[in-house]
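Open your viewer and have the selection box ready. We will take a short walk, one selection at a time.

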Amino acid sequence: MRIYLFDIDGTLVSSGGAGKAAMEAALTEEFGVAIAEHGVPFSGRTDPSISRDLFRHFGVADTPENWQRFLATYLRLLPDLLKRNTGRVLPGIASLLEQLRARDNVWLGLLTGNVRDGARIKLSHFGLYHHFTFGGFGDVHHQRDDVAREALGAARSHVGEGVDLDRVWVIGDTPLDIRCARAIGAKVAAVATGWHSMEELAAAKPDILVRDFSDPAPLLHD
Ligand SMILES: [Mg+2]
């Protein structure tokens, strides 16, 4: 049995900036914020954590009501921004997912800071959503380690048997992905198709490190 838990942005797809653009447009539409350079990092973080920083930076009260307003508008704007931005499925990913799914006793899940509906919208846009049947999502978490715990719990419920952590792989593009894999005792494959260099990822000591998955062998041959 093997379980693979995939990050989305920078790992499976690049949204071409659509996710960030949708969040910024939601701030403008809901709260009248004039977007200027803000320096809030997005990479490897959860949607509630990113939005909390955006709220703080632009002077929006961080209340549950404002989060719900922001989220509803973000999700409404996201599909159109995905169409307008030139995103893509990252190299080798479509083939890697097909090959993993063709194997017996393999389960594919998500481990993402995206809220569940955002993950569905992004992956549906790129034709990848059908590969995944469970996951951990950002909806209620500020820390990626907590998303990893949710993803592992979902995997355990889904697989319905003892899960051997030596056979659970987290695949992601940031040092935070590597850290959250360690938090649940899983193995981790890092891929440098996001914002982080090979050197930066190597410093966080993943089990596997690849530039991209145009050659899927390192993950397939474990
Ligand atoms: Mg990522």
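The tour below starts at the metal site and then moves on to the salt bridges.

Before you click, note that this is a predicted model, in which local features need pLDDT of at least 70, side-chain atom pairs count only at pLDDT 80 or more, and totals for chains, interfaces and linings use all residues. Residues are numbered from 1 along each chain as its sequence is written, and side-chain values use heavy atoms, with hydrogens and water left out.

**Stop 1: the magnesium ion**

Select the magnesium ion and show its contacts. Which residues coordinate the magnesium ion? You should find D7 (OD), D9 (O) and D173 (OD), at 2.1 to 2.2 Å. Donors here are N, O and S atoms within 2.8 Å of the metal (3.2 Å for Na, K and Ca); water is not among the atoms, so sites may look incomplete. Along the sequence, the donor residues follow the spacing D-x1-D-x163-D.

Now colour by secondary structure, where helices (H or I, at least four residues) and strands (E, at least two) are DSSP runs numbered from the N terminus. D9 sits in the loop between β1 (2–6) and β2 (13–14), while D173 is in the loop between β6 (168–172) and α7 (175–183), so this pair ties together parts that are 164 residues apart in sequence.

Switch on the surface next. Buried means under 20% relative accessible area, exposed over 50%, and partly exposed in between (1.4 Å probe, protein chains only). D173 is buried at 3%, whereas D9 is partly exposed at 28%.

**Stop 2: the salt bridges**

Side chains of opposite charge can pair when their charged atoms come close. A salt bridge is counted when a side-chain nitrogen of Lys or Arg is within 4 Å of a carboxyl oxygen of Asp or Glu, and the structure holds 13 of them.

- Select R45 and D53: their closest N and O atoms are 2.8 Å apart. R45 is buried, with 18% relative accessibility.
- Go to helix α3 (residues 64–84) and pick R84 and D80, four residues apart, about one turn of the helix. Their side chains form a salt bridge of 2.9 Å, N to O. R84 is exposed at 61%, and D80 is partly exposed at 38%.
- Select R167 and D164, a salt bridge with its closest N and O atoms 3.7 Å apart. R167 is partly exposed at 34%, and D164 is partly exposed at 37%.

**Last stop: a network**

Finally, select D7, R144 and D177, which salt bridges with shared partners join into one network. You have met D7 already, as one of the residues that coordinate the magnesium ion.
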